Number of protein chains: 4
Amino acid sequence: MEQQRVRVGIVGPTGYAGMELVRLLAQHPYMDITYLAGSGAHTGPIGDALPHLRRLSKLPPVSAFSANACAESCDLAFVALPSGESGSIAVELAQRGVRAIDLSGDLRLPGDVYRTWYQREPVADDVLARAVYGLPELNRADVSAASLVANPGCYATAAILALRPLVDWVKSKRVGPVVIDAKSGATGAGRAAKQNLQLGELANDFYPYRVGAHQHTPEIEQGLDGVFQILLTTQLLPIPRGIFVSAYVSLDPDLAADIHARYASFYESAPFVDVLPPGHVPHIKSVAGTNDCQVSVAWNERTGILQVFSAIDNLGKGAAGQALQNANLMCGFDETTGLTETSLWT
Amino acid sequence: MEQQRVRVGIVGPTGYAGMELVRLLAQHPYMDITYLAGSGAHTGPIGDALPHLRRLSKLPPVSAFSANACAESCDLAFVALPSGESGSIAVELAQRGVRAIDLSGDLRLPGDVYRTWYQREPVADDVLARAVYGLPELNRADVSAASLVANPGCYATAAILALRPLVDWVKSKRVGPVVIDAKSGATGAGRAAKQNLQLGELANDFYPYRVGAHQHTPEIEQGLDGVFQILLTTQLLPIPRGIFVSAYVSLDPDLAADIHARYASFYESAPFVDVLPPGHVPHIKSVAGTNDCQVSVAWNERTGILQVFSAIDNLGKGAAGQALQNANLMCGFDETTGLTETSLWT
Amino acid sequence: MEQQRVRVGIVGPTGYAGMELVRLLAQHPYMDITYLAGSGAHTGPIGDALPHLRRLSKLPPVSAFSANACAESCDLAFVALPSGESGSIAVELAQRGVRAIDLSGDLRLPGDVYRTWYQREPVADDVLARAVYGLPELNRADVSAASLVANPGCYATAAILALRPLVDWVKSKRVGPVVIDAKSGATGAGRAAKQNLQLGELANDFYPYRVGAHQHTPEIEQGLDGVFQILLTTQLLPIPRGIFVSAYVSLDPDLAADIHARYASFYESAPFVDVLPPGHVPHIKSVAGTNDCQVSVAWNERTGILQVFSAIDNLGKGAAGQALQNANLMCGFDETTGLTETSLWT
Amino acid sequence: MEQQRVRVGIVGPTGYAGMELVRLLAQHPYMDITYLAGSGAHTGPIGDALPHLRRLSKLPPVSAFSANACAESCDLAFVALPSGESGSIAVELAQRGVRAIDLSGDLRLPGDVYRTWYQREPVADDVLARAVYGLPELNRADVSAASLVANPGCYATAAILALRPLVDWVKSKRVGPVVIDAKSGATGAGRAAKQNLQLGELANDFYPYRVGAHQHTPEIEQGLDGVFQILLTTQLLPIPRGIFVSAYVSLDPDLAADIHARYASFYESAPFVDVLPPGHVPHIKSVAGTNDCQVSVAWNERTGILQVFSAIDNLGKGAAGQALQNANLMCGFDETTGLTETSLWT
């Protein structure tokens, strides 16, 4: 039986997440890009704004966004605009019957938490209630049934996947706050020109930003069912892509004994999470350009701390790749469809 | 009718060209990797040496090379060893009936020219005579019929594709020597550890090497039918991948008038060569990870010089990608099979 | 006898050339920074805008520029603003009796040439006539006597120093156009945020820009006394600092015979130009952070072309370093004063 | 009164720490480099091995090391060889009356601890007892009186300076283990060619190494008087220079209240430690090429954790710069002599 084709739209195709969606969807066996729209700053062939995409034929031109036009031409839409704009567009599309995936932070948190951490007004509570948090490794069934998905944040994805296996095991035991020392490549900050992201500024440097105030903090705690209080430190790497999380959890030695086997078992049926053999560590380059997440665990007996490392591509599993994984589930496709590339390594 | 499957081997899978071949062939719809072998330094699962490939299942373990074993298990083999070792192995495999593609410089030049530029003894002349130079944009038919292919050099590919359209047009007119100012990423120098290629040495630097003596010089002149004498300057870029060629040709203004149209027409049926619209220039990032070659031409009226720019991925169209393009032709497949990826851009 | 101290001002201290001037002048034994002023966008302590300078004590705060204030507090001023703004400020300061060095392109070219290449109105001809082109290796005496100096362009400095020794020797012989294939780090494009200069865009890339139209073209021809017609190609390197020039000159073999000795002799008394021994090539890293220019020559007998390579730091000998060298001469100091740092290499 | 000049030798001048020592000492007002010696692999002018140093005149040629020759020509020697070789040479020189500074790990730890973490035999206990640990911010007086100094490790320096102010304050209170998440540029791993440090491997990547087993762990605990048990995680940054430490300490809220003022006060008289104002964070680029250490503290009230960030140049305050600071003290010079450079920033 032939797979039914799905017409998809991308709102915000010239940002980093958007262009990655175009790249992925242009190769998808069952999806057709039928709509590309942005703020109106770039209109016309996408290859004019993004030279690496100019040879993708049969793409619609980029137009200024219109909910009507989008609803008419798409079965499913990805909305990859800045937080504050993106969520309400996704909601509107969902209300018109288009399955919608919002890549911003707008639909991920309860309204009051959003207000505190984003310092902006949230969308209405009843609308938020419809949005499913799209981390398939935690809630594959919910995503499959969803018509409106809040795609997780990049740091949140890497951190939740690193720590989620622990949730059930430590639930009954008191553990102190978990330190999450996270590092991200420059594309995590978006594509708009900013002085501190110029190559002349960022090359050869490394430093933390939004210390103690990064908005993915409550998203991670929520993704861990509130079992852990976390301290998220976000730092800028002088590279284009990739997130690396080093997490530190004080753990009961008894639990630590078979921790690798527990992790491996937890992710056994997760095609994108690769629990590395003991002695191996994640590499950003191993996951760049893919939807994979590498995870490793190391028990430090001296200090009683479990080190958990995870690496993802912030534009892959941290944004566009995960959005496509969610879309695959929402459409009834195998979740790996169109997402099986191997990284280039070098 | 179903495509007949081809069993392929890779000799030298842990070098840069070799690992790129593994990556590409693992996704090929009609080819199966049935043999992986090297010098014996690494044996066992390829994922042990190359962590980004560890999730590719169904790959044979890496063994120490044996011509017998290779001939038994493969219909076609890629030999990606250093020059001086690679060619004779490819020849031996061809003699045993395995279609062979040699990625080294051993089979590209007449013996005396090879001796001069490589300062090493060539393989026998009758053997060299059997090897077809594998640049499909010039000699697709010969490649399709070949059983032994000499895969072109990375600089040579970028330079020949940049200049080849001019060959017929200038043939009857005297032009001075052509300056080819070429730049390459670090992987062009191979994967063996060398002090000058350490990140601590090469990062933030740029410099020429083998000035006036690069062995791709005669290969380029040969690929241009001896019409141009060239001066090739090779320079090291502090990035992993990519070759950029800036070529300068004194040209008759009459010929220059419609030079863009001539280039576009010349490459009309070459699926991997993208002649950019006037005003656009190639970017290394547009071709990284692909088998594409971007070309642009700009006529400088003040000086009467045509500037031709080209960009390829030295591991793609400059090595593994082109080798697969050749293999596709040798097997009767469409030449783009398994080679349609878009670059990541960032 | 004690050296008389000079009070200096920097107009534009938060741009790349300006901040390099602050760094150099803060260590100068006979100069005191007494005035820092910009457009008014940043005012207050310079360490607020430039954290690496925060420990330099005794610097005046940055104020909004006022010609009066500058004239009162300075004997000499560096004006490092964008072309179009910078030159007329330098002229005004000179008219008020402040020795002025303009780091922009405004005062380097005859008015009509400036109009053509900068597409902007030049300052008045009589004013231009007062400005001395500040390339001490060519006209040390003129600079020493000057009160208004046009500091050369970065590409122009690297190219003129590479080719100037040839001027007298080839004067009587016809040579074809000279190809100058030039590459620059990202700081050459200034510090204002631009999308194409973001690390996420430029890292791992390389490409030409302003093909056939770079405004340093006439400056180079002028600096070579019109003996050579040149084709300048400017290309962007994914590194912060440095310019590398590869120049190609068809040369009479007789002249080529002793070309290295001729170059070495030409620059014998130029403390910042290092003519490398035969077989050596310039490295951008060898000159980064310094006022040095490395030059090497290689005669390619096959093609009759002389290859000349040169490397400078675009912010050193290509901007701030050279400006200080000029200032030293204007003040009667040894030209190397405060400019003897060795590069970091790594 | 004129300063008495000191004759200094560098053993291992072609490694990264050694070349940095040459750069610094060549500019020192009271020290003269009178001896350069290595393993014998490179002999002759240092500019042959290190092109950026070729213009430093009056340097002695590099010879094969001889304790006799060194003792005859030097008052003070820096020994910058690999651990296992370096310490015993420094000891021998000290026994011959040459003040010696060992940059390796050989003389920093008690013999039994060294044996465990370096998996190598230590030098004799009585000899170790003579070596003073050279972190002047902790023990300036001891260093000033020393004739044999163990120069601290790079990670250890950054970590100890980050945490040392806490030692007295928390001494009486139980605190849990301190997490030290540390990142280093590639030169920290030395200059010998290794495949994983090639630019083609390390560029665009990030990953931990020696997880739970880095030999600077006990050195840090010792430098903190055993008050803290630490978990040190070392990770590789794809840049040449710099160390960044993010340290996490559970702290009593009362102590946290005035933590910034306490830090500022603690380092008031330390010329190289810059405690940044609240809201600022260290940047690797701010300290690259200098002997500075930037430190910032941030109290995270939600979790009760103090975040301490510090940045140094691993070749500056982490190796050669600190060695010179120690040498200055040993010779009775101001500790900042020859160490007042500002970073280049870009």
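A salt bridge here is a side-chain nitrogen of Lys or Arg within 4 Å of a carboxyl oxygen of Asp or Glu. Glu221(A) and Arg302(D) fit that description, with their closest N and O atoms 2.7 Å apart. Keep in mind that this is a predicted model. Below is a quick look at where chain A meets chain D, followed by a stop at one histidine in chain C.

**How much of A touches D**
- On each side we're talking about 44 residues: 44 from chain A are in contact with 44 from chain D.
- Putting these two chains together buries about 3,700 Å², and carbon and sulfur atoms give 59% of that area.
- Phe206(A), Leu231(A) and Arg302(A) supply 16% of what chain A buries against chain D, more than any other three residues.

**Polar links and make-up**
- The Glu221(A)–Arg302(D) pair is a salt bridge, and the count between chain A and chain D is 4 salt bridges.
- There are also 34 residue pairs in polar contact across the A–D interface.
- Strand E10 of chain A (residues 230–236) brings 4 residues to the side that touches chain D, the largest share.
- Sorted by class, that side of chain A has 24 nonpolar, 13 polar and 7 charged residues.

**His214 in chain C**
- You'll find His214(C) in the loop that runs between strand E9 (207–209) and helix H11 (216–223) of chain C.
- His214(C) has a relative accessible area of 4%, so it counts as buried.
- Setting aside neighbours within four places in sequence, His214(C) is in contact with Trp117(C), Tyr155(C), Tyr209(C), Leu232(C) and Thr234(C).

How values were computed: Residues are numbered from 1 along each chain as its sequence is written. Chains are lettered from A and ligands numbered from 1 in the order in which they are written. This is a predicted model: local features need pLDDT of at least 70, side-chain atom pairs count only at pLDDT 80 or more; totals for chains, interfaces and linings use all residues. Side-chain values use heavy atoms; hydrogens and water are left out. Contact means heavy atoms within 4.5 Å. Buried area is the accessible area (1.4 Å probe) that two parts lose on being put together, summed over both. A polar contact is a pair of N or O atoms within 3.5 Å; within protein, one must be able to donate a hydrogen and the other to accept it, and residues adjacent in sequence count only if both atoms are side-chain atoms. Helices (H or I, at least four residues) and strands (E, at least two) are DSSP runs, numbered from the N terminus. Ala, Val, Leu, Ile, Met, Phe, Trp, Tyr, Cys and Pro count as nonpolar, Asp, Glu, Lys and Arg as charged, and the others, Gly among them, as polar. Buried means under 20% relative accessible area, exposed over 50%, partly exposed in between (1.4 Å probe, protein chains only).
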